[in-house]
Every structure is written in C-alpha cells, then in structure tokens.
Amino acid sequence: MPKGSMWVVEDKKQKHVFWPNAQMKKRAWANSEKIYAEAEKDRAAFWEKKAKEGLHWFKPWSKAYEENAPYFKWFVGGEINISYNCLDRHLPAKKDKVAILWEPEPTAEKGRAITYGQLHEEVNKLANALRSLGIKKGDRVSIYLPMVPEVMAAMLACSRIGAIHNVVFSAFSGEALKARVEDSEAKVIITCDGYWRRGKEINLKEQSDIAAAMPCVQKQIVVKRLGNKVNMQGGRDYWYHELLAKEKPNCEPERMESNETLFLLYTSGTTGKPKGIIHDTGGYLTQAYWTTLWDFDLHDGDIYWCTADIGWVTGHTYACYGPLAVGATQLIYEGSPDFPDWGRIWGIIEKYKVSVFYTAPTAIRMWKKMGDDWVKKHGLGTLRLLATVGEPIDEEAWMWYFNTIGGGRCPVIDTWWQTETGGTLINALPGIGPFIPTVAGRVFPGAKADIFDDRGKPVEAEDTGFLVFKPPFPPGLLRGIWNNDEKYVETYWSEYGKNIYFTSDGAKWFDKENIRVTGRVDDVMKVAGHRLSSAEVEDAITLHSDVVESAVVPMPDEIKGQVPVVFAVLKPHAKACPECEQSIIQHVGKQIGPTARPAKVYFVDALPKTRSGKIMRRFLRGMLANEKLGDATTLQNPEVVEHLKQIVGYKAPQ
C-alpha cells in the first residue's frame, strides 16, 4: 500500500478499518460529520433543502413530506421533469460535454461519444415520435434493449412526456417480456434487431415479437443495431431511425407532479411471480441525484463506469438518471466482461481513463479467480474510487479489489440498497469513511435505519436482526406494486406494522454507526437456536484455499431445526472429493465455531445468479426442501438450475 494513501486503524473486531486522508476529504463533496448531524435533526427538512439545491422545479411544493402509512408523499404539489433535469438544464454550460461513452462488444467496431447536446436532440425527437404514435402521459412503454445509447434515450423520452417506462432486461426471454407487458398493459415496445453477446448475434426482435402480439401493444419501435434483416409487421413495427428523421428536435417537457409515477421495474420475490415496483418522479430523482454525487464523488473530468445492465435498478439509477442528473460523463459497455478474454474490462478502463468504477462482488470474485495477470497487462492508474453493489462482499474479495484493482489508493464504497429503495441507503461516503471490509457502512444522511429482533425490539450490539427503516421514509422508496396494493402492504409493511419498512434483509451493528448487512432474512438460519447468516459462513468458506465462491442455505433438520449446506465452486487446481469436503467443514468450524459447521458440501460448476450479481439462494433452498422453485427468468444462467437439481436429487412436489 502506498505510504500515506490512507490511514489504517487496527481494531479488535476487524483487521482493517480505512479512513480517508486529508487530500480525499478536501476533494469530496461530502466531507464533514455535519451532514449527518443536520440530517438527523430534521430529516424531512434535510431532503427539502437538498431537493431545492440539486434539482430544477417548475413549481414549488406546498408540503415537503406527507405520511399516511404505509403510503407517503414527498414534495406534494411540486412540478418537475426528469428529462429536463438530466439534459436541458445542463446545456448552457455542458452542451458539448460528453454525456455517454459507448463501447461496443466487437473490438473492431468503433465506439461512440455522445454529448449532452446530441443526447438532448435525440431524446426530444423520440419523445415527439412517441406522441405521434399516440402515447400520452400515464401510458406504459416497455423498453427491451441491450446496453446501447438508445436505451437511455428511450427512458428519457418517456420521462419527457410523462409516459411510464418499464425496462425489461434484454437477456430475458420473449415470454418473460410478455408477462411484464401484459401486467403493465404497455402500448408500445421499444426494442432492436439484435445485439452482440460473447461474439454471437442475439436476435432480440424475434423475442420481442412474442410480447408484441399481446392485444395491449399497439406499436413497436425497432433500433437498427446489427443491420440484419428482421420481420417488420406493417402498421405495427417502425424503425427507430426513420421515426426520428421525421421529428423536430424540440419537445416541451411534461410538468409532472412530484408523486406521479416515473417507472415500473419488475422484480421476482420468493413466490416467483414478478411484481411491478412503482417509483415516483420527484422523490426518486432527489435521492438519485444526491446519492450519485456523494457516493461516487463525481466531478468534471471524471469518467464514471457502472457495469450494471440497464434492466436492473442499478442501471436505472446509476447508469442513467443519477449520472446524467449531476452532469457527469459516463461509460456503458454492450458486451460480456470476458470477451474476447478476461482482460476486456481492464482494457476498457485503461482506454477511456475511467476514474470511478462500480461493479458487483460476483464479478470481482470471478476476476480474482481468473488471476492477476489479466490485470497487470493494463494501466489502471486513473482509478480513484471503487464501489460494489448487489450483495455483501467478503473480505478476501474486498481486499483484492482494493489492492489489485485500486492499487491500495482507492476507497471501496460497499453500497447497500434494493430495487425498492430506488437508491443507495447504507454505505460509507468517500470523504468521511470509514471503509471496512464486509461492512456496508453508515446509513445515508436523511434516512433512519434500525435492526429489530423477532419481537420488533432493537437488537443487542452483537446480535443479528432484521434491517428496517423508520419514517420519514427515504424519498426514493417505492410507492406501491402495480395493480397489487394488497401485496405491497403484505410484503413491506406487515412485519412490524404499517409505519416500519421491512427490508427482508438481515443485519448487525459493527459499531454504533456502521452496519454489516448479512443477506436476505430467508438467508438467515437458526441452528439449534442460534441465529446464523449465510454471509457469515460464506465469508469463512471464501478464505479456504480451494474455494472461489460459495452459497450457504439452510436445510431442514429434525434435531437442530436447520443445518447449513454449502454449494461451493472450486478453484481450477482443486479436486472435488470427500477430503476437500471435510477440509471445508473443519475450516468453517475453526473460523466461526461448531454451530456453523456445514452438514453437507455440494461441489458445483456455477451458482444461480441474476445479472446484477445476486446469488439466488431461494432456488438452492427450494431444492433441498423439495419445494416448488418458482420463476427463473431473472437468472443470467438458468441452465445451471437443471444441473443443480441432478446433483441434489431434487424431486418437484406433485
């Protein structure tokens, strides 16, 4: 570690606690404890002040916060437009500044640099085109596009005219898209002819046509990405570029009341049926703006890269709305991180001189597995801040990310949040710290979290409990589930009453301010009366010399109630054998204690994951209990489920 780069404090509970040095503090937008004190004094007033400072409002609100639990409103009566805040207001000073740097997957293809002025013109033309196709305020538009600049233009065009967009991950099947189109009753689908993935051409239009056959769909707009011949249905299908060629570059932005819906984003729960999370306009953008600015400390001259796909909430908030709202330059990449080889990511960082990098622990562990040689081939000296998202990160991966990718000079911001929260809610701020491996950090200023036990009482200092949020609720928090108020109340507001937001995540206090998130509460097991989190066991297993990554889930046990079972991915040199299994079991017992010793270790080639990097442990739990597994459409690797069924000997219930 370079001398003086960061202060390191030894702590009896944690080997490493990192603090920002004077230079980092001076540079950072958020660099004083006063921020937390001001927010805690009056959280509603804090957000009201930040909404005024960060955003442009056409009309001021009459009331900052109004609550009728479990429903609440922010900036009541205030009028705002997302597209205007992401584009128009930047034009006087940043018309020629690059808004989006686009890297295509084919290495021989030239990328694109799109300025704020150019993006503004394209968004206005597309907004006019949508209006000419009959789309009006409140109508739903499904966006089924890969990581190409047009996906952001589509989102911004919808927000410009007040249409509610529903972005669907481009790797989802046509049937998965159809289910979301049907539930939202989308009138228009925006898609493309295809895109590149690991060197192969993916025919997206073919999948989109399955959903476009739904009665609610009136029109389909098709971006020409590959230039291949696709079936275009007359009267329904339109080429994106042909529509834009007919439209004017000016479109008056719709004035949206702050609490009107901006977008729907479908997420799968334990029941497997996707639910349409509703996010509003003014509150969502307020949280997106300030978390982007403070978490990633973006300044003019920074090149920011969030690797999340636009189909997930991380892509919405931190690869579209947040960076554009603060006027940053951001990078997006169309393809796979391993194409044509495992050096692609580091080559892109070097090529574009990326300074802020935001990615998932799953990806970090995989890059670590592939070895440091891929990293050493590229210069990563422009990086100054690293961040993670998607699931808790183990200490070994954290330290590798910190030392190998960041060169020991970059703070690592471990962000906790959810699709439902709209933006980050727990993480260290780069100018304040501290940065602690396996510890997410402090609650973002303006939010109020606690950790409850089963009875709804705050836990003792060392105990694991359930992460909750108290009123006034963060402005980016979801406002409902589309067409299902009952599910909204049942899922988020019934565990501890209608004035407590239940996250379904387990957590424990590291100290009086910093929180360690242990994973979903259904990933917290009780072994002989002792509460044990999957993350704690997984952290221990990751330290085993033969293991790349693992997932730990509970299995029913007649004596102990539940026992932990491990699904482990081994390093290339390791051999799956009884001796290796016993070594892992003994290692866990040594690291945590006898209660945590796994009852069984399954050696697998891969774990079921979403594209955002989350391990879908519910599939593993369901297999062990021979329960129905539910919807697998959110997986990036659905084929692995069949492989795991065979290993476990899963028998589906009749």
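User: Which residues have the most contacts inside the largest nonpolar core, and how many residues does that core have?

Analyst: This is a predicted model, by the way. Its largest nonpolar core has 165 residues, and L119, Y321, W346, F357 and F469 have the most contacts inside it. Helix α7 (residues 149-161) gives the most to this core, nine residues in total.

User: What makes it a "nonpolar core"?

Analyst: The label needs buried residues of nonpolar types, such as Leu, Phe, Trp and Tyr, joined through side-chain atoms within 4.5 Å. As background, nonpolar side chains tend to be buried together in soluble globular proteins. Another core, of 22 residues, lies apart from the big one and has F567, F619, L624 and L635 among its members.

User: Which residues does F357 touch?

Analyst: Leaving out residues up to four places away in sequence, F357 touches W305, T307, I345, W346, I349, W367, L383, L385, L386, A387 and Y401. A contact here takes heavy atoms within 4.5 Å.

User: W367 sits in helix α14, right? Which residues of α14 are buried, and what do they pack against?

Analyst: In α14 (residues 361-370), the buried ones are P361, T362, I364, R365 and W367. They pack against α13 (344-352), β20 (356-359), β21 (385-388), α16 (395-405) and β31 (547-557). Just past the helix, G371 takes a positive phi of about 100°.

User: Why is T438 called buried, while N483 is called exposed?

Analyst: Just set the values against the cut-offs. Buried means under 20% relative accessible area, and T438 has 11%, so T438 is buried. Exposed means over 50%; N483 has 61%, so N483 is exposed. Phi is positive in each: near 75° for T438 and near 60° for N483. T438 belongs to the loop between β22 and β23, whereas N483 is found between β26 and α17 (485-492).

User: How do you know that β3 and β4 pair?

Analyst: Pairing takes at least two bridges. Strands β3 (residues 63-68) and β4 (residues 71-76) run antiparallel and are joined by five bridges, so by that rule they pair. N68 has Y71 of β4 as its bridge partner, and the two strands form a hairpin with two residues between them.

User: Where are the cis peptide bonds before P434 and P472, and what are their omega values?

Analyst: G433 and P434 are joined by a cis bond with omega of about -5°; P434 is in the loop between β22 (412-414) and β23 (441-442). The bond from P471 to P472 is cis too, with omega near -5°, and P472 lies in the loop between β25 (465-469) and β26 (480-481).

How values were computed
Residues are numbered from 1 along each chain as its sequence is written. This is a predicted model: local features need pLDDT of at least 70, side-chain atom pairs count only at pLDDT 80 or more; totals for chains, interfaces and linings use all residues. Side-chain values use heavy atoms; hydrogens and water are left out. Helices (H or I, at least four residues) and strands (E, at least two) are DSSP runs, numbered from the N terminus. Buried means under 20% relative accessible area, exposed over 50%, partly exposed in between (1.4 Å probe, protein chains only).
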